[in-house]
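Colleague: Please take me closely through the charged side chains of this model and how they pair, with the cut-offs spelled out as you go.

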Amino acid sequence: MKAFVMKAIGQVGFMEKPLPEPGPNDALVRTTRALICTSDSHTVRGAIGPRTNLTLGHEAVGIVHAVGSQVRQFHPGDRVVVGAITPDWGDLASQAGHPSQSGGPLGGWKFSNTKDGVFAEYFHVNEADANMALIPADVSDEMAVYCADMLSTGFMGAEQGRIPLGGTVAVFGQGPVGLMATAGARLLGAGLIIAVESVPRRQELARHYGADVIVDFSREDVVKRILELTDGQGVDTAIEALGSDATFQNAVKVTRAGGTISNIGYHGHGEFVHIPRLDWGVGMAEKTITTGLCPGGRLRLERLLRLLQQKRIDPTLMTTHTFPFEEMERAFEMMDQKRDGIIKPLIVFA
């Protein structure tokens, strides 16, 4: 089969690989649609260390090609979405309520980290009964593929932000994850949603997904403006969806005493992320910092698919470009360099 791989740090390309063999609890899926994530670019640039000929990608849907002898929920021919995070559900971390960390920090993140990812004609899924879900007939592949990561991660940012009904929220960054955090804040009943973004198309989408006010960091002082909007008190919840040290510090600064900073950004650069000491109340302002990796599991996927079925949200508005798998290298370069106003590129497999 053809696969798109990270050959080494800074190098990508196609290569031929043998089809994976599913174990007793596993599945082999034929890929039909996939999405490129900015985290793939972080990986290629060396954020998690060197990798050699590792298949990239972690957001995909497809058709079940084969299943192991112990798989009960799925059969060949089923149309499925697979979580970007595929935990080992018997691990102690999973039993403690942290499946994304099974096997160690970020251990549930296997695709394009510790095993081949989904940018191939076929891909392997561990613990298939728990890590993928059937796609309802009335939900398209183009829509369902967003459940793998963007919907799940963005909504998690809002969920872990402990947003009170009618509360105030600031979402830093309106890339795909930030946009879904904005949408999640609206679904959870936020009273005022402030989106921090400078790109016009992303500002437009932020408004569509629920932002009440846009703060353009290229034109004004973000902290000052958010404090003005909240009568000097700060927001109940700040969501960092960019992965920037400076942005994280601003999130701490604009959060009221007793509020929550929900970090879902991938901090792929630098040795440290800094907390502004005085704005943190010298450690005693009761500002809670939460972090999280995309939640995994069939139940999570089924719930997200239900939101799509009931038309609570349409994530396909973020799909700005579509490429055939054969043009994966061009698509990856465009996403890496954020050319042509790209937000989320969809990859179509034959």
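Modeller: What follows goes through the salt bridges one after another, and then turns to one arginine and the strand that follows its loop.

The model is a predicted one, in which local features need pLDDT of at least 70 and side-chain atom pairs count only at pLDDT 80 or more, while totals for chains, interfaces and linings use all residues. Residues are numbered from 1 along each chain as its sequence is written, and side-chain values use heavy atoms, with hydrogens and water left out.

Side chains of opposite charge can pair when their charged atoms come close. A salt bridge here is a side-chain nitrogen of Lys or Arg within 4 Å of a carboxyl oxygen of Asp or Glu, and the structure holds 15 of them.

One of these joins Lys344 to Glu59, with 3.0 Å between the closest N and O atoms. Because Lys344 belongs to strand E16 (residues 344-348) and Glu59 to strand E5 (residues 59-67), this pair ties together parts that are 285 residues apart in sequence; helices (H or I, at least four residues) and strands (E, at least two) are DSSP runs, numbered from the N terminus. Both Lys344 and Glu59 are buried, where buried means under 20% relative accessible area, exposed means over 50%, and partly exposed is in between (1.4 Å probe, protein chains only).

A second pair is made by the side chains of Lys110 and Asp88, which meet in a salt bridge at 3.0 Å, N to O. This pair also links distant parts of the chain, 22 residues apart, since Lys110 sits in the loop between helix H2 (92-95) and strand E7 (122-125), and Asp88 in the loop between strand E6 (79-82) and H2. Lys110 has a relative accessible area of 13% and is therefore buried, whereas Asp88, at 28%, counts as partly exposed.

In a further pair, Asp216 forms a salt bridge with Arg219, the closest N and O atoms being 3.3 Å apart. Asp216 has 10% relative accessibility, so it counts as buried, while Arg219 reaches 73% and so counts as exposed. Glu220, Arg225 and Glu228, in turn, are linked in a network of salt bridges.

Arg45 is the arginine to consider next, and it is found in the loop between helix H1 (38-44) and strand E4 (54-55). Its relative accessible area is 48%, which means that Arg45 is partly exposed. Leaving aside residues up to four places away in sequence, Arg45 touches Ile9 and Asp336, a contact being heavy atoms within 4.5 Å. With Asp336 there is a polar contact from side chain to side chain at 2.7 Å; a polar contact is a pair of N or O atoms within 3.5 Å, and within protein one must be able to donate a hydrogen and the other to accept it, while residues adjacent in sequence count only if both atoms are side-chain atoms.

Strand E4 itself is part of an open sheet of three strands in the order E2-E1-E4, with antiparallel pairing. Strand E2 (11-16) and E4 stand at the edges with a single partner strand each, so one side of each is left without a neighbour in the sheet. Two strands pair if DSSP finds at least two bridges between them, and six bridges join strand E1 (residues 2-8) to E2. Within this pairing, Met6 has Val12 in E2 as its bridge partner.
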